[in-house]
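Got your viewer open and a selection box ready? Let's take a walk through this one, stop by stop.

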Amino acid sequence: MTSAAVPASVLRLRPPSRFGDRAFEWLTFAMSLGVVVLVLLVGWQLMRGSHLAIAKFGFHFLTTSTWDPVAEQYGALPFIYGTVVSSLIALIIAVPLSIATAIYLTELAPLWIRQPLASAIEMLAAIPSVILGLWGIFVMIPWLRAHAFPALKATLGWTPFFTGPIYGVSMLAGGIIIAIMILPIITSVAREIMRSVPNLQREAAYALGATKWEVTRIAVLSYARSGLFGAVILGLGRALGETMAVTMVIGNTPQIKASLFAPGYTLASVIANEFTEATTDMYLQALFEIGLVLFGITIFANLLAQLLLKTMTRKMTTRVAQ
Amino acid sequence: MIETLTAMKTTRLHTVDFMQPSTDQPQPLAPAFAVKNLSMWYGANEAIKNVTIDIPAKRVTAIIGPSGCGKSTFLRGLNRLHELVPRTRVNGDVLFAGQNLYGPDVDPALIRRRIGMVFQKSNPFPTMSIAENVLVGLKLNGVRDRTLLNERLEKSLRMAALWSEVKDDLRKPGISLSGGQQQRLCIARAIAIEPEVLLMDEPASALDPIATMKIEELITELKANYTIVIVTHNMQQASRCSDFTAFFYMGELIEFANTAKIFSNPTRRQTEDYITGRFG
Amino acid sequence: MSGSANHQFRKATSLIASLLCSIAALLVIVPLGLIFFYLLQSGLSSLNLAFFTHLPKPVGEPGGGMANAIVGSGQLLALASLIGVPVGVLGGVYLAEYGTARANASLRFVADVLNGVPSIIWGVVVYGLVVLPFKSFSAYAGGLALGCMMIPLIMRTTEEVLLLVPGGYREAALALGISHWKTIVHIVMKTASKGIVTGVLLALARIAGETAPLLFTAFGNRFWNRSLSEPIAALPLQIFTYAISPYDDWHRQAWAGALVLVAMIFLINLLVRFLARGRAARVT
């Protein structure tokens, strides 16, 4: 066999590395498993750090409202209450504003304004929580204390929600600041969803003589219902885990009061405030357990949001297939 | 040279020695590909049904047929590129230079260095210059020798009839060229690694008539050095450029003969119907 | 209602609805405007050279700066990237180039769920994982907490950007006999490199402002950090500590720090936009 039978150039090419292919695939696979490892790690650490507290307090942990580190009595109810109520307030404020803004951005705004406005909202999202809290302490709270809250008390003081002394730091302040934090995310997700509604839907409604609002209501909002719901739950997930800004304006008092002017305390805030002060083992374990509760709640909210958003995309692809 | 050969043999475990072509003296018109009972599936769909054909070496073979007849699938069966799609299956043999491409332990990447391909939509790599595009096959396959690379760069661009148009600035991005130039760049890129075969999947269908003409002239020049198999939906192109033509219909090979004969005196009724435009 | 009255009613409803939506959009911008206004007003006046070069003064004494916090933040971001970038990028490569549809969907799902974990939980987890066993707050712990937050972010953006690379390039590269992994690294990832970098920068911008995960990992430090296994100062931490303190001077410095932090984050975002514009112009 003469070497002339083999093209000379081929001799100089390195054989392709099957080893390289396999190694790279395994490397990237291992890295992608990182997310699974992380989730398990979080769950494991939280349970490990709280197992003594879980053993001691059991289910009562979630129903007791006493939080007394000195007497070693730990109950998470005030924090669950605080987290839920502040998040609810945030949703009540943010959802209508966000959806309306998303409608404005996708259906109503003149074209030249859409991108700048969207960018401005993205800028709001980029502001760190601690800076919002800073503004909250020195600008928002004084204003609320001097103007907004007295006005609310004057008009709505007959309800149980707006009674009692006004300190400024309060559940309501917490809810407002969370609302500001979650506005951008709900707006941008809602906007994406509305943008992806096929134009055919809108055209069909217009062809029937509907007004702009009716087109939005019928062709966009009801079509995108599950997706919008998902956006709201996504915002809820963010609200539940919000820490710094809330800690700075909510008052950090573990109590359950009907009045929104009263200071409150959230699951995230108590961890932030008291973790490094925890003097005893049980204290720290109780805080770990609070973390576990928070983790559970936010995971549940996020799972729900993902499910709703997937339902939305599936609905759209099946309709397109028709 | 013998030592390099042996060294390469031992570093490659379990791969068929693809570096050694058959030692038989090539006859004139000896087949480059001997396809025997080839069937190809996409999932449950049988796209190529039991095709047997000998594709002659150093000639241009055109594959024609209506849309969906399996021309592109068959072409990709010749360099095992259809395997990129999940859930594909192949039955039968494709003998290239005496060895079966689908034999056990054959590395597709080695095959593709000897059987090059040019695609319908020209796709020079966007982050690379003209020179980098031409040489990427060599460089990523381990060639470092600067002189060899420069030689090969000029040679490939000349053979692709692009050298005179780009030689002044080889560092321009590949995608800054016109459509026809980009396609010739892709051809230069394919021949830079000195394959023996060039598979072309509708190489001019996205180009204007003048660029198309240049590509067709190029094909006629290239066949002196390469076996060319070209898929085309343009019958006039097939009759202009090719020496042999194969007519496919619904995954089956209907007729294969000299181009002149197929277009003037086809044997099968279906061939005649297609050529005379009774269906497309 | 007669036909035309009904029509008038519907038109009026539509008009009112549009008006309400525009007002809503305006209201959403108002906090942004206010915050920027106060940031600039209160922050600029407190910024001076000393702020960038001096260490904090002891409690109650006026003056001093946040030099260690600024440097500390930089160090933490670098540490976080050491973990977040390789795992995130390579994980994203796997999701885009390998695997089966169903397995990848599950991985994506887990990554999305991970993105929703509150940042303070990361602090708690890393505290148990690193701070307790080594009995010390450290820059490593802070970097780990931030890095873990980066991983799911970068994984998803990398995957998205790789999937945008047209399949034709992969085909062409493989048709040249280039091995699969080299195709991915030298052709696909190279084509998507701007997008990958953008994703990393966005993740950095996200975690640059994070305070909660650092509260009990990096913990903060009034002095220069001498070793990465010691507590380290960070800008958001310092802002928090100063903001809730009773000292006016510290409040002013908190505003200054906030301005610097926001400036840093916006610079990163501007860089991202700059990169993205070049890419959009070049889409074939």
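Start by selecting A:Ile182: α7(A) bends there by about 40 degrees, and a proline, A:Pro184, follows within four residues. One thing to keep in mind as you click around is that this is a predicted model.

**Stop 1: the rest of that helix**

Now widen the selection to residues 171–196 of chain A, which is the whole of α7 with its 26 residues. Put a distance between the first and last C-alpha and you should get 37 Å, close to the 38 Å expected at 1.5 Å a residue. Is the helix enclosed or left open by the rest of the structure? It is largely enclosed, because 22 of the 26 residues of α7(A) are buried.

**Stop 2: where chain A meets chain C**

Keep chain A on screen and bring up chain C. The contact takes in 72 residues of chain A and 71 residues of chain C. Which helix gives the largest share of chain A's side? Select residues 34–57 of chain A: this is α3, and it supplies 11 residues. Colour the chain A side by class and you'll find 47 nonpolar residues, 20 polar ones and five charged ones.

**Stop 3: C:Ala111**

Next, pick C:Ala111, which sits in helix α4 of chain C, residues 101–115. This alanine counts as buried because it has 26 C-beta neighbours inside 10 Å, against a cut-off of 20 or more. What does C:Ala111 touch, once you leave out residues up to four places away in sequence? Show A:Val35, C:Pro152, C:Met155 and C:Arg156. One of these, A:Val35, belongs to chain A. For another, C:Met155, try a C-alpha to C-alpha distance from C:Ala111: the two are 44 residues apart in sequence and 7.8 Å apart in space.

**Stop 4: the two domains of chain C**

Colour chain C by domain, with domain 1 at 3–46 and domain 2 at 51–282. Their centres, taken over C-alpha atoms, are 34 Å apart. Where the domains touch, five residues of domain 1 are in contact with seven residues of domain 2. The domain 1 side of that contact has two nonpolar and three polar residues, and no charged ones.

For a look further along the chain, select C:Arg277 in helix α11, residues 248–282. Is this arginine buried or exposed? It's exposed, because it has 10 other C-beta atoms within 10 Å, and 12 or fewer is the cut-off. Draw a C-alpha to C-alpha line from C:Arg277 to C:Leu34 and you'll read 29 Å, across 243 residues of sequence.

**Stop 5: where chain C meets chain B**

Swap chain A for chain B. Here 16 residues from chain C meet 20 residues from chain B. On the chain C side, select α7 (167–175) and α8 (180–191), each of which supplies at least two residues. The largest share comes from α7(C), with six residues. By class, the chain C side has seven nonpolar, six polar and three charged residues.

**Stop 6: inside chain B**

Now show chain B alone. Its 280 residues, of which 42% count as buried, include 11 helices and 10 strands. Take the contacts between residues at least 6 apart in sequence: 68% of them join residues at least 24 apart.

Zoom to strand β3, residues 60–64 of chain B, where five of its five residues are buried. Which residues lie on which face? B:Val60, B:Ala62 and B:Ile64 are on one side, with B:Thr61 and B:Ile63 on the other.

Stay on B:Thr61 and add the strands that pair with β3(B). Strand β8 (residues 227–231) runs parallel to β3(B) over four bridges, and the partner of B:Thr61 there is B:Val229. Strand β9 (residues 244–249) is also joined to β3(B) by four bridges, again in parallel, and B:Phe244 is the residue opposite B:Thr61.

**Last stop: an antiparallel sheet**

Finally, select four more strands of chain B, which form an open antiparallel sheet in the order β2-β1-β4-β5. The edges are β2 (45–56) and β5 (99–100); each has a single partner strand, so one side of each is left without a neighbour in the sheet. To finish, click through to β4 (residues 88–96), which pairs with β5(B) over two bridges; B:Leu95 and B:Asn100 are bridge partners there.

How values were computed. Residues numbered from 1 in each chain as written. Chains lettered and ligands numbered in written order. Predicted model: local features only at pLDDT ≥ 70, side-chain atom pairs only at ≥ 80, totals over all residues. Contact = placed C-beta atoms within 7 Å. Nonpolar A, V, L, I, M, F, W, Y, C, P; charged D, E, K, R; others polar. Expected span 1.5 Å × (residues − 1). Bend = angle between axes of the 7 residues up to and from the residue. Pairing = 2+ DSSP bridges. Domains from an automatic or database assignment.
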